[in-house]
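Open the model in a viewer and keep the sequence panel in view. The tour below goes from selection to selection.

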Amino acid sequence: MIKEIIKQFAYSDFKVAGVYHVIVSPGSHGVQYTSNHAGFIFPIKGQAEYKFNGTKYIATPGNIVHGGANMYLEKKVLSDRDWEFITILYNAHSPGSEKQFDQLHFELDIGTNPRLTELLWQTWRAYNEPGELAIFEMNTLFNRILLNIFYSCQNRGEDDTYALYKRICDYIHVHFMDELSVSQIAELHELNENQLFYIFNKYINMGAGDYLRNYRLNRAKELLLMQGLSVKETAYSVGYSDPHYFSRIFKKKNGISPTAFLKKFKNNPSFNKE
């Protein structure tokens with residue numbers, strides 16, 4: 001998809017129509033039609049859901065969203081903190097193109113990009129300054145922003161995604177005993193939950209939540225047999241504050257309760273660690 005988008009932008013002329021810095025309170029939601037201009041939503045902090053003509057996108061730092069003109073838009077803040085973003089609206093002339101920019105809506109995963117944030121603030125300041133020089137600067141900066149995000153998308157290849165997957169796995173291995181949730185894992189690694197699920201499903205055919213649960217339960221078997229902990233102590237040691245819930249999911253995965261597992265394998269050194 002990114003190659004098609006770059007091709008579309010490569011042969012077009014752009015003029016910035018507006019640059020706005022917006023902060024929205026948690027819990028806010030609404031519906032509207034977009035303006036007469038296409039535009040990008042660049043997240044700064046928080047997380048929000050946008051639906052352009054019914055197609056849903058999650059905007060969060062590292063994942064930018066593009067919307068077309070005069071589209072039916074549903075939006076809501078997802079995080080429990082302010083949703084902050086910069087939006088850039090633009091006009092584009094693309095001679096000979098079958099699909100105009102005001103018809104396009106898509107999202108781009110660009111990852112952490114401090115340079116892009118700096119360019120966005122420069123563009124916002126230029127938009128709010130008077131004079132032709134500021135207008136020229138603003139349009140020049142917008143082209144640099146496009147170049148920056150396209151390079152970021154191209155550079156996020158297979159190796160980068162796998163490195164991120166391994167990094168998150170390593171984090172889980174260190175912090176599995178904490179009260180860790182999928183949303184916390186995603187936020188700590190500047191992802192949304194959909195992106196996190198995609199990364200894990202790509203490499204191990206399961207989500208990060210399933211991976212965390214399986215890792216905890218495998219460690220629980222080791223703790224029960226190797227360290228002689230009680231079921232309650234084991235639950236706390238692998239991140240579950242409710243021993244009854246721990247016992248239920250342990251039995252669901254292993255077909256046997258923690259207590260029965262302990263009795264069956266306590267003196268068997270070849271117990272199953274899978």
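Begin with β1 and β8, which pair in the antiparallel sense over eleven bridges. To find one point of this pairing, select Lys15, which stands opposite Asn91 in β8. Bear in mind throughout that this is a predicted model.

**The five-stranded sheet**

Widen the selection to the whole sheet. Five strands form an open sheet in the order β1-β8-β3-β6-β9, with antiparallel pairing. The edges are held by β1 and by β9 (106-109); each has a single partner strand, so one side of each is left without a neighbour in the sheet. Looking across the strands, neighbours are turned by 20° against each other on average, direction ignored.

Move on to β3. Its pairing with β8 is antiparallel and consists of seven bridges. Select Lys45 and look across to β8, where its bridge partner is Glu84. Is β3 mostly buried or exposed? Seven of its eight residues are buried, so β3 is largely enclosed by the rest of the structure.

Next comes β6, residues 63-67. Strand β3 is joined to β6 by three bridges, and the two run antiparallel. Ile41 marks this pairing, standing opposite Val65 in β6. Four bridges join β6 to β9, again in antiparallel fashion. Here the residue to pick is Ile64, which faces Leu108 in β9 as its opposite number.

Show the side chains of β6. In a regular strand the side chains alternate between the two faces of the sheet. In β6, Asn63, Val65 and Gly67 point one way, while Ile64 and His66 point the other way. Which of these residues are buried? All of them are, and β6 is accordingly described as mostly covered, with five of its five residues buried.

Before leaving this sheet, select Trp83, which lies in strand β8. Trp83 has a relative accessible area of 2%, under the 20% limit, and therefore counts as buried. For a sense of distance, add Ser257: the two residues are 174 apart in sequence, and their C-alpha atoms are 44 Å apart in space.

**The four-stranded sheet**

Now select β2, β7, β4 and β5. These four strands form an open sheet in the order β2-β7-β4-β5, with antiparallel pairing. Which strands are at its edges? They are β2 (29-33) and β5 (55-59), each of which pairs on one side only. The twist from one strand to the next averages 20°.

Zoom in on β2 and on β7 (residues 72-77), which pair in the antiparallel sense over five bridges. Gly30 is a convenient marker, since it stands opposite Lys75 in β7.

**The second largest pocket**

Keep Lys75 selected and add Gln32, Ile41, Tyr50 and Leu73. Of the 27 residues lining the second largest pocket, these five, Gln32, Ile41, Tyr50, Leu73 and Lys75, are the closest to its centre. The pocket holds about 420 Å³ of space.

Colour the lining by element. Two or more lining residues come from each of β1 (13-24), β2, β3 (38-45), β4 (48-52), β7 and β8 (83-93). Both sheets are represented in that list: β1, β3 and β8 belong to the five-stranded one, and β2, β4 and β7 to the four-stranded one.

Then colour the lining by residue class. What is its make-up? There are 14 nonpolar, eleven polar and two charged residues.

**The helices and the largest nonpolar core**

Leave the strands and select Ile168, Leu196, Phe200 and Phe246. Of the 32 residues in the largest nonpolar core, these four touch the most other members. At least two residues of this core come from each of α4 (158-175), α5 (182-188), α6 (193-204), α7 (208-226), α8 (231-237), α9 (243-254) and α10 (258-265). Which helix gives the most? It is α7, with eight residues.

The last stop is Met177, in the loop between α4 and α5. Its relative accessible area is 34%, which makes Met177 partly exposed. Add Tyr240 to the selection: Met177 and Tyr240 are 63 residues apart along the chain, yet their C-alpha atoms are separated by 7.7 Å.

How values were computed:
Residues numbered from 1 in each chain as written. Predicted model: local features only at pLDDT ≥ 70, side-chain atom pairs only at ≥ 80, totals over all residues. Heavy atoms only, no water. Pairing = 2+ DSSP bridges. Axes fitted to C-alpha atoms, helices over the stretch in contact; angles between N-to-C directions. 1 Å grid on protein atoms, 1.4 Å probe; cavity = no way out; pocket = protein on both sides within 12 Å on 5 of 7 lines; lining within 4 Å. Points joined across faces, edges and corners; volume = space filled by probe spheres on them. Nonpolar A, V, L, I, M, F, W, Y, C, P; charged D, E, K, R; others polar. Core = buried A, V, L, I, M, F, W, Y, C linked by side-chain atoms within 4.5 Å. Buried < 20%, exposed > 50% of the residue type's maximum accessible area, 1.4 Å probe, protein only.
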